[in-house]
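Work through the exercises below with the sequence and the model side by side, and try each task before reading its solution.

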Amino acid sequence: MKKKITALLLTLIMLCISAAACAATGLAQAQETKITMQTVREENKLPITAGVTVGERLRVTITVENTTEQDFPGKMVMYDPAGNLVADFPEP
């Protein structure tokens, strides 16, 4: 059961990374970005290094950084793993 949960979590994380990468590269072909992701346990803020238990709350932070001297040509958008537009997300 734990292997299924771990596999599901890893699949969800990869979908989030893919969605962020697609949103970032969709802005402009010449725009260079650096995408990083951090997943921590919400209760103790420790990084995920092993399996996750059912019902455990996680915090996922995805950072998209412009690595050029040029501004992004438009507003950033984010899609969830199902391909739906995320209406609002906080800015740091």
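**Exercise 1. Find how many helices and strands the chain has, and in which pattern they follow one another.**

Solution. Counting helices and strands as DSSP runs (H or I of at least four residues for a helix, E of at least two for a strand, numbered from the N terminus), the chain has one helix and two strands. Read along the sequence, these elements follow the pattern α-β-β. The model is predicted, so local features need pLDDT of at least 70 and side-chain atom pairs count only at pLDDT 80 or more, while totals for chains, interfaces and linings use all residues. Residues are numbered from 1 along each chain as its sequence is written, and side-chain values use heavy atoms, with hydrogens and water left out.

**Exercise 2. Determine what share of the 92 residues is buried, and place Leu15 on the scale from buried to exposed.**

Solution. Begin with the scale: buried means under 20% relative accessible area, exposed over 50%, and partly exposed in between, with a 1.4 Å probe and protein chains only. By this scale, buried residues make up 12% of the 92 residues in the chain. Next, locate Leu15 in helix H1; Leu15 is partly exposed because its relative accessible area is 38%. Finally, compare sequence with space: Leu15 and Ala82 are 67 residues apart in sequence, yet their C-alpha atoms are 8.7 Å apart.

**Exercise 3. List the salt bridges and work out which parts of the chain they tie together.**

Solution. Taking a salt bridge as a side-chain nitrogen of Lys or Arg within 4 Å of a carboxyl oxygen of Asp or Glu, the structure holds three.

- The side chains of Arg41 and Glu56 meet at 2.6 Å, N to O. Arg41 lies in strand S1 (residues 33-41) and Glu56 in the loop between S1 and S2, so this pair ties together parts that are 15 residues apart in sequence. Arg41 counts as buried because its relative accessibility is 14%, whereas Glu56, at 21%, counts as partly exposed.
- Arg57 forms a salt bridge with Glu42, with the closest N and O atoms 3.0 Å apart. Both residues lie in the loop between S1 and S2, and the pair ties together parts 15 residues apart in sequence. Arg57 is exposed at 58%, while Glu42 counts as partly exposed at 23%.
- Arg59 also forms a salt bridge with Glu42, here with the closest N and O atoms 3.5 Å apart. This pair links Arg59 in strand S2 to Glu42 in the loop between S1 and S2, 17 residues away.

As a last step, follow the shared partners: they join Glu42, Arg57 and Arg59 into one network.

**Exercise 4. Identify which residues form a nonpolar patch on the surface, and decide whether Leu85 is buried or exposed.**

Solution. A patch is made of residues with over 30% relative accessible area and no salt bridge, where like charges are joined within 9 Å and nonpolar side chains (Val, Leu, Ile, Met, Phe, Trp, Tyr) within 5 Å. Val77, Tyr79 and Leu85 form such a nonpolar patch, with about 260 Å² of accessible area together, as given by the Shrake-Rupley method with a 1.4 Å probe, where for residues only the protein chains shown count as cover. Leu85 lies in the segment after strand S2 (58-66), and Leu85 is exposed because its relative accessible area is 54%.
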